[in-house]
Amino acid sequence: MFHSVQIRNLFLAPFIIWAGIFIFVPLIFIIWYGITDAAGNFSLENLAMIFQTEFFKSLEMSVLLAFVSTAICLILAYPLCLILVERAKSAGLIITLLFVLPLWMNTLLSTMAWQTILEKNGILNQFLRLLSLPDFTLINTQAAVVLGMIYNYLPYMVLPLYVALSKIDKSVIEAAKDLGASTWQTFLKVILPLSLPGAVSGITMVFIPALTTFAISALLGGGKVLLIGNVIEQEFTFEYDWNLGAALSIVLMIFIVLNMILTFAFDSSHEEDS
Amino acid sequence: MAKLKTIYLAIIFLFLYAPIGVLIAQSFNESRYRGHWTGFSLKWYEALFENEEIIEALQNTISIGFFSALIATILALVTCLALREVGKKLRAMFMSVANIPILNADIVTGISLMLLFLGMGIKLGYGSILIAHVVFNVPYVILCIMPQLMTLDKSFYEAALDLGASPFKAFISVVLPELRPSIFAGFLLAFTMSADDFIITYFTRGAGVDTLPTEIYSQLKLGIHPEMYALSTLVFFTVLIFVILFAFNRKKLGEEVL
């Protein structure tokens, strides 16, 4: 749409400058802080701190909780999306109502509301007592944090998965059934492989925020569930050890890069197949 | 089986809306304490408009949301127009650079921007939050505009040029109307992301400047002011009305439009 390369480059220039200053330079800053000590001398001491028990435990727990909540999101989202795709005609409205509307409720407030539901004298227990059932107190446990993660990130799993599933040609599924495949076989051999790209981007979009959050664990973990995000936040706002905080952030970036490589490898192998 | 599916949908619906129901109920609760229902009252709605802290945070949220979405949309549109004309490989490279703020963890983006602002001697405050929001909004708008721009038929634009329109005129009257839905979608998505962002704002804000999410976070220790529940209830129903109007109009217009 441009008459000359110069004009095209003129349009590209703002983004290049923008990305340079606000995407690359900040990353250099965080790496620089991470590999220097408070006096500004090169040191890998802060990076090595991740192997200290308290930090490593936080990282381990973060990976575990992120993994569990991603898995549950995936298990919940598949049947949900299959049902929605089946009801495709009315699904557009249902999806908007279901998943876009809650996004407009402030996530901190609705996570807070889970506290009101789950706490010792919360709504859930009041309800259980009404039915003379035993109390079930979930608040301030890892389970509560996982629940908060699922609540917050389920839409990020549902949206890409729904798009991928709705793109599958219905006749392919019918062909599988005509050839004698059971519902379960059809799912495993046809639907699952064809929807895998959607599932992979859903997994990425849930795993990374779940791994790095500090708000959900602060709200539903009651200070007892210290994720790596909480540790980093404390280093910056409470301990004022920016070098350590930056070093721990670099560890998180390693996970993000690994994630990107996996997604990329999956994308390119998938493209070769088709 | 059909019944089972409906029950499953209902359970997910309940899961997603239970906390929202709780918040709405709390906004009408006379007591200021969570979970203790002492009677129906509208006093928090009256108090809301006198609570200067919340009103100021609301104003910041709306203006940062609007301006960051606007700047991000303009920057993304200009970039997309140029990216349409570059080679496939170069475009893929640019797209992956643009996606870094989406793929990166919020906490890393927030901290790295904070270090940048302090390193460059920029005072943390309204301006630094605004820049940070543009940073994470640009990729979302690019993701909205780029697919539609790629499928755009260039010949209409060329026809307009052949008929004597200036490139600018041809762009305004031929290309822009075609792109309007995705530009609008990108702007709206950016505004939503901005209004709900907590982590990046938390690290790039300065003392005394709050958006609604950071204001809520700072209230957490001493208990949320119930006016906040009233405000979110108002926001929720406003958006609900818009969604219903939109859905109703879409049905009326016929499905071929969208």
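Helices, taken here as DSSP runs of H or I with at least four residues, are numbered from the N terminus. By that reading, chain B of this predicted model has 12 helices and 0 strands. Read from the N terminus on, the elements of chain B run α-α-α-α-α-α-α-α-α-α-α-α. Chain A likewise comes out with 12 helices and 0 strands, and its elements, again from the N terminus on, run α-α-α-α-α-α-α-α-α-α-α-α.

The overall dimensions of each chain can be given along the principal axes. For chain A, the C-alpha atoms fill a box of roughly 75 × 70 × 30 Å. For chain B, the C-alpha trace spans about 70 × 60 × 35 Å.

It is helpful to turn next to the place where the two chains meet. Here, 77 residues of chain A are in contact with 82 residues of chain B. Between them the two chains bury about 7400 Å², and 81% of this area lies on carbon and sulfur atoms. Polar links across the interface can be listed as well. The rule finds 6 residue pairs in polar contact between chain A and chain B, with both residues of each pair at pLDDT 80 or more. The salt-bridge count between the chains is 1. In a salt bridge, the side chain of A:Glu86 meets that of B:Lys5, with an N to O distance of 2.9 Å.

What does the side of chain A that touches chain B consist of, in nonpolar, polar and charged residues? The residues on this side divide into 57 nonpolar, 14 polar and 6 charged. As for where they come from, helix H1 of chain A (residues 5-34) provides the largest share, with 18 residues.

A final feature worth a look is found on the surface of chain B. There, a nonpolar patch is formed by B:Phe66, B:Phe67, B:Leu70, B:Ile71, B:Ile74 and B:Tyr126. Together these residues have about 510 Å² of accessible area. Which helix gives the patch its largest share? That helix is H3 of chain B (residues 52-83), the source of 5 residues of the patch. B:Phe66 is one of the patch residues, and B:Phe66 is found in helix H3 of chain B.

Note on methods:
Residues numbered from 1 in each chain as written. Chains lettered and ligands numbered in written order. Heavy atoms only, no water. Contact = heavy atoms within 4.5 Å. Buried area = accessible area lost by both parts, 1.4 Å probe. Salt bridge = Lys/Arg side-chain N within 4 Å of Asp/Glu carboxyl O. Polar contact = N/O pair within 3.5 Å; in protein donor to acceptor, adjacent residues only side chain to side chain. Helix = DSSP H or I, 4+ residues; strand = E, 2+ residues; numbered from the N terminus. Nonpolar A, V, L, I, M, F, W, Y, C, P; charged D, E, K, R; others polar. Patch = residues over 30% accessible without salt bridge, like charges linked within 9 Å, V, L, I, M, F, W, Y side chains within 5 Å. Areas by Shrake-Rupley, 256 points an atom, 1.4 Å probe, with all protein chains shown as cover.
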